[in-house]
Amino acid sequence: MAEQWVRVAATADVAEGAAIAVKVGDREVALYHLPGGEFRATDNICTHEYSQLHDGWLENGEIECPLHAGKFDVRTGKATAAPCEVDLQVFEVKVEGADLVLKVPG
Ligand code: FES
């Protein structure tokens with residue numbers, strides 16, 4: 001299946017400095033609104049154990065997992081702090097008018 005862009009939220013749904021969870025098919029995606037108006041998207045499930053990253057803390061471009069305080073760079077998905085070792089999948093996200101649209105891999 002070809003990749004496609006889908007609307008996942010309104011920009012106003014994600015406060016600056018915060019993250020929300022959205023469902024895209026059966027995938028859970030975290031949307032982040034970085035200070036300055038940049039939006040990013042990653043898998044919402046931590047690669048360490050089961051935890052939803054949007055419940056964590058977004059600081060300096062990193063999301064800290066609420067369960068064991070591992071961290072990921074939300075721009076690259078890279079695991080940046082133990083106990084996380086496996087990187088997160090990242091998704092392209094862009095602003096279209098008042099909406100956030102996400103590129104869903106085929
Ligand atoms: S579940 Fe995220 S750091 Fe353990």
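A salt bridge is counted here where a side-chain nitrogen of Lys or Arg lies within 4 Å of a carboxyl oxygen of Asp or Glu. In this predicted model, salt bridges link E3, E92 and K103 into a network, and the count by this rule comes to seven salt bridges. The protein chain that carries them has eleven strands and zero helices, and the points below take up its overall build, its charged side chains, a buried loop and some backbone features.

**Overall build**

- Read from the N terminus, the elements of the protein chain run β-β-β-β-β-β-β-β-β-β-β. The radius of gyration is 13 Å, close to the 13 Å that the globule rule gives for 106 residues, so the protein chain is as compact as a globular protein of that length.
- Taken along the principal axes, the box that the C-alpha atoms of the protein chain fill is roughly 35 × 35 × 20 Å.
- Of the 106 residues in the protein chain, 38% are buried, a class that requires under 20% relative accessible area.
- When contacts between residues at least 6 apart in sequence are considered, 38% of them join residues at least 24 apart.
- The area that the protein chain exposes is about 5700 Å², and carbon and sulfur atoms supply 47% of that area.

**Charged side chains and salt bridges**

- The protein chain has 18 negative and 9 positive side chains, and 5 Å separates the centres of the two sets.
- R75 and E38 form a salt bridge in which the closest N and O atoms are 2.9 Å apart. Because R75 lies in the loop between strand 7 (71-73) and strand 8 (79-81), while E38 belongs to strand 4 (residues 38-43), the pair ties together parts that are 37 residues apart in sequence.
- Both partners of that bridge can be placed by their accessibility, since R75 is partly exposed with a relative accessible area of 38% and E38 counts as partly exposed at 25%.
- A salt bridge also joins the side chains of D87 and K78, with a distance of 3.3 Å from N to O. D87 counts as partly exposed at 35% relative accessibility, and K78 is partly exposed with a relative accessible area of 46%.
- K94 pairs with E96 in a salt bridge whose closest N and O atoms are 3.9 Å apart, a value that is within the 4 Å cut-off. K94 counts as partly exposed at 34% relative accessibility, and E96 counts as partly exposed at 42%.

**The loop between strand 4 and strand 5**

- L53 has its place in the loop between strand 4 and strand 5, and at 0% relative accessibility this residue counts as buried.
- Leaving aside residues up to four places away in sequence, L53 touches Y32, D43, N44, I45, C46, I63, C65, P66, F72 and L88.
- L53 and G77 are 24 residues apart along the chain, and their C-alpha atoms are separated by 12 Å.
- S51 is also found in the loop between strand 4 and strand 5 (57-59), where S51 is buried with a relative accessible area of 8%.
- With residues up to four places away in sequence again not counted, S51 touches N44, I45, C46, C65, P66 and L67. N44, I45, C46, C65 and P66 are among the residues touched by L53 as well.

**Backbone features in other loops**

- The peptide bond that joins A82 and P83 is cis, with omega at about 10 degrees, and P83 has its place in the loop between strand 8 and strand 9 (90-91).
- N60 is not a glycine, although its phi is positive at about 50 degrees. N60 lies in the loop between strand 5 and strand 6 (62-64), and at 75% relative accessibility N60 counts as exposed, a class that begins over 50%.
- A69, a residue other than glycine, likewise has a positive phi, with a value near 65 degrees. The place of A69 is in the loop between strand 6 and strand 7, and A69 is partly exposed with a relative accessible area of 35%.

Terms used:
Residues are numbered from 1 along each chain as its sequence is written. This is a predicted model: local features need pLDDT of at least 70, side-chain atom pairs count only at pLDDT 80 or more; totals for chains, interfaces and linings use all residues. Side-chain values use heavy atoms; hydrogens and water are left out. Helices (H or I, at least four residues) and strands (E, at least two) are DSSP runs, numbered from the N terminus. The radius of gyration is taken over C-alpha atoms; the globule rule is 2.2 Å times the number of residues to the power 0.38. Buried means under 20% relative accessible area, exposed over 50%, partly exposed in between (1.4 Å probe, protein chains only). Contact means heavy atoms within 4.5 Å. Accessible areas come from the Shrake-Rupley method with a 1.4 Å probe; for residues, only the protein chains shown count as cover. Lys and Arg count as positive and Asp and Glu as negative; His and the chain ends are not counted. The place of a charge is taken as NZ of Lys, CZ of Arg, CG of Asp or CD of Glu.
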